[in-house]
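Visitor: I would like to learn how to read a ligand site and a pair of packed helices. Where do we begin?

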Amino acid sequence: MPTPLPPDWSDRLALDRAHVWHPFTQMQIHEADPPVPVVGGEGCDLLLANGERVLDGISSWWTCLHGHGHPRLVGALERQAGKLDHAMFAGFTHEPALELVARLRPRLPANLTRAFFSDDGSTAVEVALKMAFQAQHQRGEQGRDHFGALRGGYHGDTLGAVGVGELENFMTGLFRPLLLACERLDVPEDPRRELAPDLTGWEARLASARADLTAFFAAHGKRLAAFIAEPLIQCAGGMRMWPPELLQELRAQCDVHGVYLILDEVATGFGRTGTFLACEQAGVAPDLLCLSKGLTGGTLPLSMTWATEEIYRHFWGTPASDRAFLHGHSYTANPTACAVACASLALFDDEPVLARAQALGEAMRSAFATLATNPAIRQARTLGAIGACRLVDPTTGVAHPPEQRFGWRLHRRALDQGLLVRPIGDCLYLLPPLNTPPARLAEAAETLLQLLDA
Ligand SMILES: Cc1ncc(COP(=O)(O)O)c(C=O)c1O
């Protein structure tokens with residue numbers, strides 16, 4: 001039977017225009033500016049239908065860890081799909097899920113002993129929120145019907161996750177009547193991550209942020225089931241890097257007030273920040289940990305929510321006790337995705353992936369030092385292998401008005417020059433696969449400088 005797909009990309013794009021609804025997109029823009037056909041992935045590059053090769057400077061939404069089409073991940077996928085593609089996980093268990101638990105657990109804080117599987121970052125967060133709420137309820141703390149979260153955080157697009165996130169451009173405002181009750185706390189950005197930091201008054205600002213945090217818990221601590229945060233860096237919030245000292249204080253205040261601490265490492269996990277988990281850098285262990293994106297090296301959707309034994313215990317009981325966690329998804333612990341995740345973790349054992357991430361971090365710092373020479377760039381900063389800066393109008397020093405869609409235009413021009421970047425508002429960042437050759441970052445910085453000059 002012939003494929004129903006037309007042979008030419010122009011007709012394929014007409015099909016896309018007629019029937020496909022893309023994520024995070026005002027579809028009208030694709031009338032003039034159609035989506036870019038991508039046909040392959042090789043190492044740190046994406047291969048476009050027009051024959052161009054572009055550096056995946058944002059790891060395809062922060063997922064791709066060891067490069068595209070890594071033979072070990074692809075091999076694991078093929079082998080597992082041929083053996084057991086999928087099986088329901090209620091009442092069944094299988095090797096790939098167990099191997100994944102065995103491989104991952106020694107790399108996590110020791111207090112996290114129980115793994116719950118789901119499909120993506122948003123569902124990992126939903127699971128954590130529901131677990132925290134139900135655990136509080138079942139330990140007799142029924143009044144804890146609020147959550148705490150950092151201002152400017154992002155935890156996904158399902159309603160629970162939107163409720164603890166706070167980005168107006170993700171329509172949090174519109175959906176407010178449908179959302180969880182959430183109290184929000186401000187934390188300052190950490191100037192010590194900047195290439196040219198101004199540390200004047202920093203100690204005082206840090207002390208005042210610490211006092212605000214204590215006051216926040218004094219005011220809301222009794223009502224909170226859990227506090228959720230992206231450790232050290234709020235990614236979708238514009239790569240806002242915040243101080244490890246405040247994460248330590250957050251842990252301490254959660255303990256004082258009986259609030260569970262959920263750390264969302266969906267974006268930061270698996271070496272992105274230079275350590276396996278970002279929370280390691282603050283010496284903080286959460287009560288619930290959300291992982292996804294890099295979990296499978298970016299090949300298949302999968303996520304996990306890890307919980308402490310103390311939380312798990314609150315769900316224990318006879319079937320009649322109504323204490324079980326009645327949550328699950330059709331593809332929970334999909335064996336193929338678990339096998340790919342095992343292959344990705346095996347690479348951490350067999351290759352110096354973290355050392356590579358640290359070396360990439362050094363290259364990232366030089367790339368942003370180069371970028372920072374341009375007056376259109378402000379506040380260049382890095383954390384591990386993540387680099388970010390603010391894009392401003394060099395004549396006024398302030399951000400370009402949103403209606404100019406400067407970031408989008410930069411994104412499209414950069415693609416023409418072999419680089420995928422996708423600024424978030426005025427935040428330009430690079431977060432490439434960890435096996436990106438450092439020289440490619442220097443090239444990316446040069447490309448961006450030329451585009452900014454143009
Ligand atoms: C910190 C964080 N949590 C959760 C999510 C949601 O993950 P997903 O898009 O896989 O649902 C994201 C996505 O960017 C994220 O950055």
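Guide: Begin with one helix pair, bearing in mind that this is a predicted model. H9 passes H10 in a right-handed crossing.

Visitor: How close do the axes of H9 and H10 come, and at what angle do they cross?

Guide: The axes of H9 (residues 202-220) and H10 (residues 244-257) come within 10 Å and cross at roughly 20 degrees. Angles under 35 degrees count as roughly parallel, so H9 is roughly parallel to H10.

Visitor: What are the crossing angle and the handedness for H13 and H15?

Guide: Read that pair in two steps. For helix H13 (residues 353-371) and helix H15 (residues 438-453), the axes come within 9 Å, with a crossing of roughly 20 degrees. That makes H13 roughly parallel to H15. The crossing of this pair, H13 and H15, is right-handed.

Visitor: Now the ligand. Which residues surround it?

Guide: The shell consists of Trp62, Asp120, Gly121, Ser122, Tyr154, His155, Gly156, Glu230, Asp264, Val266, Ala267 and Lys293. Sorted by class, the shell has 4 nonpolar, 4 polar and 4 charged residues.

Visitor: Which polar atoms of aspartate 264, lysine 293 and glycine 121 should I look at?

Guide: Take each residue in turn. In aspartate 264, a polar side-chain atom lies 2.6 Å from a nitrogen atom of the ligand. In lysine 293, a side-chain N or O atom is 3.1 Å from a ligand oxygen atom. Glycine 121 uses its backbone: a polar atom there is 2.9 Å from an oxygen atom of the ligand.

Visitor: How much of the ligand's accessible area does the protein cover?

Guide: On its own the ligand has 390 Å² of accessible area, and the protein covers 83% of that.

Methods. Residues are numbered from 1 along each chain as its sequence is written. This is a predicted model: local features need pLDDT of at least 70, side-chain atom pairs count only at pLDDT 80 or more; totals for chains, interfaces and linings use all residues. Side-chain values use heavy atoms; hydrogens and water are left out. A residue is near a molecule or strand if one of its heavy atoms lies within 4 Å of it. A polar contact is a pair of N or O atoms within 3.5 Å; within protein, one must be able to donate a hydrogen and the other to accept it, and residues adjacent in sequence count only if both atoms are side-chain atoms. Accessible areas come from the Shrake-Rupley method with a 1.4 Å probe; for residues, only the protein chains shown count as cover. Ala, Val, Leu, Ile, Met, Phe, Trp, Tyr, Cys and Pro count as nonpolar, Asp, Glu, Lys and Arg as charged, and the others, Gly among them, as polar. Axes are lines fitted to C-alpha atoms, for helices over the stretch in contact, and angles run from 0 to 180 degrees between N-to-C directions. Helices (H or I, at least four residues) and strands (E, at least two) are DSSP runs, numbered from the N terminus. Angles under 35 degrees count as roughly parallel, over 145 as roughly antiparallel, 65 to 115 as roughly perpendicular and the rest as oblique. A crossing is left-handed if the near helix is turned anticlockwise from the far one by less than a right angle, and right-handed if clockwise.
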